[in-house]
Each structure stands twice: as structure tokens, then as C-alpha cells.
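This report goes through one protein chain, starting from single residues and moving out to the overall fold. The sequence and structure come before the discussion.

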Amino acid sequence: MRIAKNEDEHLAYGWFVVRNRTTQEIKEGVTIEDRHIKEQQFFSSTSPWNQLKKEQIGIAALGSFLGRILYEHSHSEFPAVVEEFKKLSLSIQSELERIGLPRQTVSEQRQFLIRIATDYQQQVDKALKGNYDPGIESQSPIKLRMHLRKLSEQFAKSMTTRGHTKAFRTTQDAVDAEFAGRRSDSENIYDWIRRSYLESRGSGLPGTVNPLVLENLFREQSTPWKDIAAKYLKNVSSAVKGYNEIVLKTIVPDNEARDKLALLISIRTSEAHGFACSELLTMLKGERDGILQTGNHYFADTLSSIRQERVLARLEKEGLCDGDTFNMSEVMHGVHLSNEDQAVFDIHDILKSYYKVAVKRFIDNVIVHVSERHIIGDDGPLKLLSPCLIGEFEDAKLTEIAGENLAISKKRKDLVNKAARLKKAMDIAKQVAL
């Protein structure tokens, strides 16, 4: 009785007392209905059990109490359950979006690839315009135009500092700082020019310059151009390849379809690089194998400026400056050179003036007409995957690239079924509205 009154073994909700059938009563066939009657009679007339509170005796009171506890518990947990339903539903929808719409028919496969191609071209357009999402890492391959710009700047710097075989010199007979990047060898450029000039003398008059000497010297002076430009084109192709690897992972959910599209683009990348290298060789042939020519006035201006500086340098070496009183014989002695020296210096100055024009022209042409046109432009790998290309695919090609395997089909079916069950659960939750 003390336990029943919650005086001995204390419980938060107290104790309930019920009167069940005895083993003998079960043998005698006492039913559940009879049990309820016997229980009611027992607690109403049997002492001391008739002294307990009515709300804590009998199976009816216990059932009511447990129902209320269960309701309160469900009521408190229900919002969390509904929230869990919502999260699971969003997760399933996200997974369905990731694997995409069904691709069992040719029409579905074409639509699948067209959506990918459209998305891809939008991403490429943003990447080439430098329109990057704020959350992208600073050195991400997605920032394609940034990397291309860096490569172009590095190429231009390498051509300026290492594109020549011999370092040009100033009129003060010091290495020109503009061409000081390449490690100098033991031979001075004047000695190199003098040797070539002397070895090429033919029927020309003494002191005159054979144009073939300038052409040969320029070819030798520009020997490093090919390797530097080839390395630049290789780096550009690598940047494009790195970009495609990242962006395809982002927009193509199916691994098999992504690998097949990546192979398609990779083939075009190799082809584009081959075309670019071929164009580079053609450009090098035009720059280095033909006659030396330019319509850029910068050549004449530079040559005139160097010649003037050279005369002034010789006069200053004789101690003649502006404002000094001097006689003409001293001036002529200061500026006079032997025929050989005059030819060597003329060759140097002409070669230097022309090289400055030619190297800048070559740098721009490689960037604009080789890299941008063949690798980045319309014929390159970045413009291959387009809705137009997908529209030209035959049915067999569509199935080969975008055909859906059984595993993906089964997974989509399972997700659709889960989504339907969750929707039904959510509808019930709204109706219950605890």
C-alpha cells in the first residue's frame, strides 16, 4: 500500500494498480470483458484497495494516463520530426538534381547534353571575361583569364630578357639593362658581330654592310624564340586543360558521361595545340627566314637616336661638351672611326633597333594569332562543347556519351519513391497540426 501511495518507492508520476486474471481464472475461461468487471468490483469493495485514488487504479486509468504521456511526448517531438522530414526531402531533391533527368530515350539524352553544353559555354564566357564568383579561391584554375594573362606577361618577360643570344650594349659600351636577363657568355656582342662581318666579306666595298650579314645575325640572335614560345603555348594548353577538369566536375554529375565528354575535349585540346605549334613555326619562318622588314617608324626613330647617342658619346670621350670652344679638326678626330669599326657599330645598332621592333611584334602575334586564335578561340577546345555540336550528334553518339546505365536508373527510381513517401508524410503532418 505504501508503494501504491507513492510513499515508499517514489516515482514522478506515481504508481498505478491493476487487477489481472489469475492463472485459475484463465483456465476457467474468464474473458477480458469479465476481467474488467472483476477489476472494478475488486477496487470498489476490497479493502484496503478501495482506499486508493480512483485515478490511479484500474487498467482504464492506466491507459488514459499512458495515452496522455504519449501525446505530450509526441507533441514536443513533432516539430523536430517534421524538420527532419524537410531536411531529408531537400537532400533527396538535391540528389535527384545531381543525377539529372532520365536519359533512356535519344530525346532525353540530347536534352541532357544540350543543358550541359549551354551551362558549359556560360561558364567559359564568364571565365574568359574574368567574371568570377566571389567564393572562388584566388588561384583556382576556374580563373582562366587571370592565368592566361599571367602566362602572357611571363612569356613577354622571358622573350625580353632571354629571347636573344647576345646581350646588346649601350653607346657607353656597357650591357644594355633591357637585355641583361640572359647569362652572358665570354664573347662580347661586338666581337661576335666583327667576326661575322669579317667572315662574310665578299665583293662589297670596305666599310659597307652586306644585308646578308644582318639577316644571319638576326637569325642567330633570335634562336631562343622557338623554345620560349613553345613553352608558353604548352602552358596555355595546360591552363585550359586544368580549367576543363574543374568545370566539368561541376556541371556534369554522371561520371561516365563526364569522362566521355572530357575525352572529346581532350582530343580537341591536343589538335588545337598541334595547330598552334604549326602556326608558330610558320610565324617563326616569316620572322627569321625572310628578309628583314618593318613598317614601324619605331625602328627608324630608335636607330637615329642610337646613332646620335653614339656620336655624342665619342665627343664626350674626347672632352667635348655643349658650350665648349672647339675646332673642327678635334671634332672630326673624335667622331672618326675606321671602316671596320664603323661597319661593326652600324650592324650592332641596326640589329638592335630592328630586334626591338621584331621581338615586340612576335610577342603580340604569338599571343593574339596563335594562342588566342587556336587554343582559346572558336577553333579551340573551349568552344567545342556547344549546343550546336550536340545537335549534330547522331543517335548512336548520343547514346554512347549520355546513355544511362542501370545503376543510375535504379537509383533515380528509389529516390523518386522516397520522395513520394516523404511528401505523403509531410501532407499527414500538415493535417495533424499538433
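## Backbone details

N6 counts as buried because its relative accessible area is 16%, a value under the 20% cut-off for that class. The model described here is predicted. In this model N6 is placed in the segment before α1 (23–27), and its phi is positive, at about 65 degrees, although the residue is not a glycine.

A positive phi of about 60 degrees is also found at D173, which is not a glycine either. D173 sits in the loop between α5 and α6 (189–199), and with a relative accessible area of 44% it is partly exposed. A further backbone detail concerns the peptide bond from S47 to P48, which is cis, with omega near 5 degrees; P48 itself belongs to the loop between α2 (32–45) and α3.

## Overall form

The protein chain contains 15 helices and 0 strands. Its radius of gyration is 45 Å, whereas a compact globule of 434 residues would have a value near 22 Å. Along the principal axes, the C-alpha trace spans about 150 × 60 × 35 Å.

Of the 434 residues in the chain, 36% are buried. The accessible surface comes to about 26000 Å², and carbon and sulfur atoms account for 54% of that area. Among contacts with a separation of 6 or more, 75% are between residues 24 or more positions apart.

## Nonpolar cores

The largest nonpolar core has 74 residues, and those with the most contacts inside it are L113, Y120, F155, W225, F362, L382 and L385. Helix α12 (residues 339–376) gives the largest share of this core, with 18 residues. Apart from this core lies another, of 6 residues, including I92, I99, L415 and L422.

L113 shows what surrounds one of these well-connected residues: leaving aside neighbours within four places in sequence, L113 is in contact with L261, I390, F393, L398, I401 and A402.

## Salt bridges

Side chains of opposite charge can pair when their charged atoms come close. The structure holds 20 salt bridges, and one of them joins R103 to D254, with the closest N and O atoms 3.3 Å apart. This pair links distant parts of the chain, since R103 lies in the loop between α3 (59–99) and α4 while D254 lies in the loop between α8 (225–251) and α9 (255–288), 151 residues apart. R103 counts as buried because its relative accessibility is 0%, and D254, at 8% relative accessibility, counts as buried too.

Another salt bridge is formed by the side chains of E153 and R149, at 3.6 Å from N to O. These two residues are separated by about one helical turn, because they are 4 residues apart in helix α5. E153 is partly exposed, with a relative accessible area of 47%, whereas R149 is exposed, with a relative accessible area of 56%. K383 and D378 also form a salt bridge, and their closest N and O atoms are 3.7 Å apart; here K383 counts as partly exposed at 30% relative accessibility, while D378, at 62%, counts as exposed.

## A buried lysine without a partner

How far from K143 is the nearest side chain of opposite charge? That side chain belongs to E137 and is 9.2 Å away, and K143, although buried, has no salt bridge. A salt bridge would need a side-chain nitrogen within 4 Å of a carboxyl oxygen, so the separation of 9.2 Å does not qualify.

K143 is located in the loop between α4 (106–129) and α5 (144–162). Apart from neighbours within four places in sequence, the residues in contact with K143 are Y132, I136, E137 and S138.

## An alanine in helix α8

A239 is part of helix α8 and is buried, its relative accessible area being 16%. Leaving aside neighbours within four places in sequence, A239 is in contact with L144, L148 and L151. The C-alpha atoms of A239 and E372 are separated by 13 Å, although these residues are 133 residues apart along the chain.

Note on methods:
Residues numbered from 1 in each chain as written. Predicted model: local features only at pLDDT ≥ 70, side-chain atom pairs only at ≥ 80, totals over all residues. Heavy atoms only, no water. Buried < 20%, exposed > 50% of the residue type's maximum accessible area, 1.4 Å probe, protein only. Lys, Arg positive; Asp, Glu negative; His and termini not counted. Contact = heavy atoms within 4.5 Å. Core = buried A, V, L, I, M, F, W, Y, C linked by side-chain atoms within 4.5 Å. Rg over C-alpha atoms; globule rule 2.2 N^0.38 Å. Areas by Shrake-Rupley, 256 points an atom, 1.4 Å probe, with all protein chains shown as cover.
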